[in-house]
Amino acid sequence: MAKGKDVRVTVILECTSCVRNRLNKESTGISRYITQKNRHNTPSRLELRKFCPCCYKHTIHGEIKK
């Protein structure tokens, strides 16, 4: 009895400063995290402050589309 629209969905969080500063040749790539959110409680895009191993600091990671 699986439902068509699940309440909890899997989202991908991507570092916003790595995407903006793509000109930096020293960075190894873009930091991404996978997490889940409740669609009813958080209908807008999710933004969390996570550690970015490319920038070597805590930055804002925003939700991206799959």
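**Exercise 1. Describe how strand β3 pairs with β4, and what joins the two.**

Solution. Begin with the pairing: strand β3 (residues 47–52) and β4 run antiparallel to each other and are joined by six bridges, where strands are DSSP runs of type E with at least two residues, helices are runs of H or I with at least four residues, and both are numbered from the N terminus. Two strands are said to pair if DSSP finds at least two bridges between them. Next, take one position, where Arg49 stands opposite Ile60 in β4. Finally, look at the connection, for β3 and β4 form a hairpin with four residues between them, and Tyr56 in the turn has a positive phi of about 60°.

This is a predicted model, in which local features need pLDDT of at least 70 and side-chain atom pairs count only at pLDDT 80 or more, while totals for chains, interfaces and linings use all residues. Residues are numbered from 1 along each chain as its sequence is written, and side-chain values use heavy atoms, with hydrogens and water left out.

**Exercise 2. Find the strand that pairs with β4 over four bridges, and place β4 in the order of the chain.**

Solution. The partner is strand β1 (residues 8–15), which pairs with strand β4 (residues 57–64) in the antiparallel sense over four bridges. Within this pairing, Leu13 has Glu63 in β4 as its bridge partner. The protein chain holds one helix and four strands, and along the sequence they follow the pattern β-α-β-β-β.

**Exercise 3. Identify the salt bridges and state where their residues lie.**

Solution. A salt bridge is a side-chain nitrogen of Lys or Arg within 4 Å of a carboxyl oxygen of Asp or Glu, and by this rule the count comes to two. In one of them, the side chains of Glu14 and Arg32 meet at 2.6 Å, N to O. Glu14 lies in strand β1 and Arg32 in strand β2, so this pair ties together parts that are 18 residues apart in sequence. For burial, the cut-offs are under 20% relative accessible area for buried, over 50% for exposed, and partly exposed in between, with a 1.4 Å probe and protein chains only. Glu14 therefore counts as buried at 12% relative accessibility, whereas Arg32 is exposed at 52%.

In the other, the side chains of Glu63 and Lys37 meet at 3.1 Å, N to O. This pair links distant parts of the chain, with Glu63 in strand β4 and Lys37 in strand β2, 26 residues apart. Glu63 is buried, with a relative accessible area of 17%, and Lys37 is buried at 9% relative accessibility.

**Exercise 4. Work out the surroundings of Ser31.**

Solution. Ser31 sits in the loop between α1 (16–20) and β2, and it is buried because its relative accessible area is 6%. Setting aside residues up to four places away in sequence, Ser31 touches several residues, including Leu13, Phe51, Cys52 and His61, where contact means heavy atoms within 4.5 Å. Ser31 and Cys52 are 21 residues apart in sequence, yet their C-alpha atoms are 5.7 Å apart. The side chain of Ser31 also makes a polar contact with the side chain of His61 at 3.3 Å; a polar contact is a pair of N or O atoms within 3.5 Å, where within protein one must be able to donate a hydrogen and the other to accept it, and residues adjacent in sequence count only if both atoms are side-chain atoms.
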